Amino acid sequence: MALLELDNISKSYKTGTVTTTVLKDLCFSVEKGELVAVMGKSGCGKTTLLNILAGVDYPDSGRYVFNGKDVVIKKAADGISFRRNRIGVILQHFALINDFTVYENIELGLWETNDTKSERRKKVDEVMDRLGILNLKNQYPDKLSGGEKQRVAIGRAIVCNPMLVLADEPTGSLDNETEKEIISIIRDLNKKSEMTFIIVTHDEEVAASCNRRIVLQKL
Ligand SMILES: Nc1ncnc2c1ncn2[C@@H]1O[C@H](COP(=O)(O)OP(=O)(O)OP(=O)(O)O)[C@@H](O)[C@H]1O
Ligand SMILES: [Mg+2]
């Protein structure tokens with residue numbers, strides 16, 4: 001069954017009198033459990049697409065169906081309730097909170113659940129163990145390497161067991177060896193869980209590690 005379907009999605013941005021069309025009549029679907037790469041030239045709309053999928057932004061026209069239901073975002077609060085425990089996000093520059101420990105950063109991924117403190121502890125510990133960062137539990141982000149930071153960010157994205165994980169150039173700031181580690185973690189998570197991944201990347205090796213690629217054209 002399709003986890004999500006985009007049907008003729010179009011999106012333009014208006015700056016002053018200039019209108020730039022970024023996505024035009026885009027159609028595709030992603031099945032549950034897929035690991036998909038999104039590629040395309042800089043400025044072709046990859047981040048715009050992820051923002052629409054995450055309910056951060058909304059299309060001008062077209063339909064977005066997630067898990068059998070139309071996604072209708074009219075205000076920021078609609079996006080928040082749509083994302084809640086459904087969608088995890090991983091960004092190129094990690095977006096960790098420097099005043100929070102590794103544990104606390106990952107725990108942030110549970111802020112919209114009703115979990116008790118002990119349930120949260122169990123979930124965060126499990127995720128840290130799975131990502132090989134239990135030993136960094138009380139460390140602060142500025143003491144971590146790029147690869148370690150990205151593991152923490154992955155932990156925060158997956159700790160609520162979302163259906164979909166969206167990653168925008170997750171290895172864009174990492175060296176080649178660390179990139180391989182991170183992509184192998186993502187592949188492993190995808191294989192051993194029900195989580196579907198959509199990964200924006202410029203990197204041929206990362207795309208080759210995915211099961212399918214969607215290439216956006218610059219309009
Ligand atoms: N909020 C916005 N307001 C106006 N224009 C925007 C906005 N967001 C994106 N754009 C424009 O839309 C186009 C697509 O941007 P987007 O960030 O989606 O590209 P991208 O494919 O992710 O590029 P990159 O590979 O460089 O990250 C660009 O021309 C960008 O300037
Ligand atoms: Mg981008």
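A residue counts as buried when its relative accessible area is under 20%. With that cut-off in hand, look at this predicted model: buried residues make up 47% of the 219 residues in the chain.

Let's start with the overall layout. The chain holds seven helices and nine strands. Its radius of gyration is 17 Å, close to the 17 Å that the globule rule gives for 219 residues, so the chain is as compact as a globular protein of that length. If you draw a box along the principal axes, the C-alpha atoms fill roughly 50 × 40 × 40 Å. Plenty of the contacts reach a long way along the sequence, too: among those between residues at least 6 apart, 73% join residues at least 24 apart.

Now for the inside. In soluble globular proteins, nonpolar side chains tend to be buried together. Here, the largest nonpolar core has 38 residues, and the ones touching the most other members are Val 102, Ile 106, Ile 133, Ile 154, Phe 197 and Ile 199. Several elements each chip in at least two residues to this core, including the strands β3 (35-39), β7 (164-168) and β8 (196-200), and the helices α4 (117-130), α5 (146-158) and α6 (176-192). Pick out Ile 154 and follow its partners: setting aside residues up to four places away in sequence, Ile 154 touches Ile 90, Leu 131, Ile 182, Ile 185, Ile 186 and Leu 189. Apart from this core lies another one, of 29 residues, with Leu 4, Cys 44, Leu 164 and Ile 214 among them.

For a single-residue view, try Val 30, which sits in strand β2 (residues 18-31). Val 30 counts as buried because its relative accessibility is 0%, against a cut-off of under 20%. Ala 2 is 28 residues away from Val 30 along the chain, yet their C-alpha atoms are separated by 5.6 Å. Besides Ala 2, and leaving aside neighbours within four places in sequence, Val 30 is in contact with Leu 3, Leu 4, Val 36, Thr 196, Ile 198 and Arg 212.

Finally, there's some open space to explore. The largest pocket has a volume of about 450 Å³. Its lining takes 18 residues, and those nearest the centre are Ile 87, Gly 88, Val 89, Gly 109 and Trp 111. The elements giving two or more residues to this lining are α2 (76-83), β6 (87-91) and α5. Strand β6 provides the largest share, with five residues. As for character, the lining of the largest pocket splits into 11 nonpolar, three polar and four charged residues.

Notes: Residues numbered from 1 in each chain as written. Chains lettered and ligands numbered in written order. Predicted model: local features only at pLDDT ≥ 70, side-chain atom pairs only at ≥ 80, totals over all residues. Heavy atoms only, no water. Core = buried A, V, L, I, M, F, W, Y, C linked by side-chain atoms within 4.5 Å. Buried < 20%, exposed > 50% of the residue type's maximum accessible area, 1.4 Å probe, protein only. Helix = DSSP H or I, 4+ residues; strand = E, 2+ residues; numbered from the N terminus. Contact = heavy atoms within 4.5 Å. 1 Å grid on protein atoms, 1.4 Å probe; cavity = no way out; pocket = protein on both sides within 12 Å on 5 of 7 lines; lining within 4 Å. Points joined across faces, edges and corners; volume = space filled by probe spheres on them. Nonpolar A, V, L, I, M, F, W, Y, C, P; charged D, E, K, R; others polar. Rg over C-alpha atoms; globule rule 2.2 N^0.38 Å.
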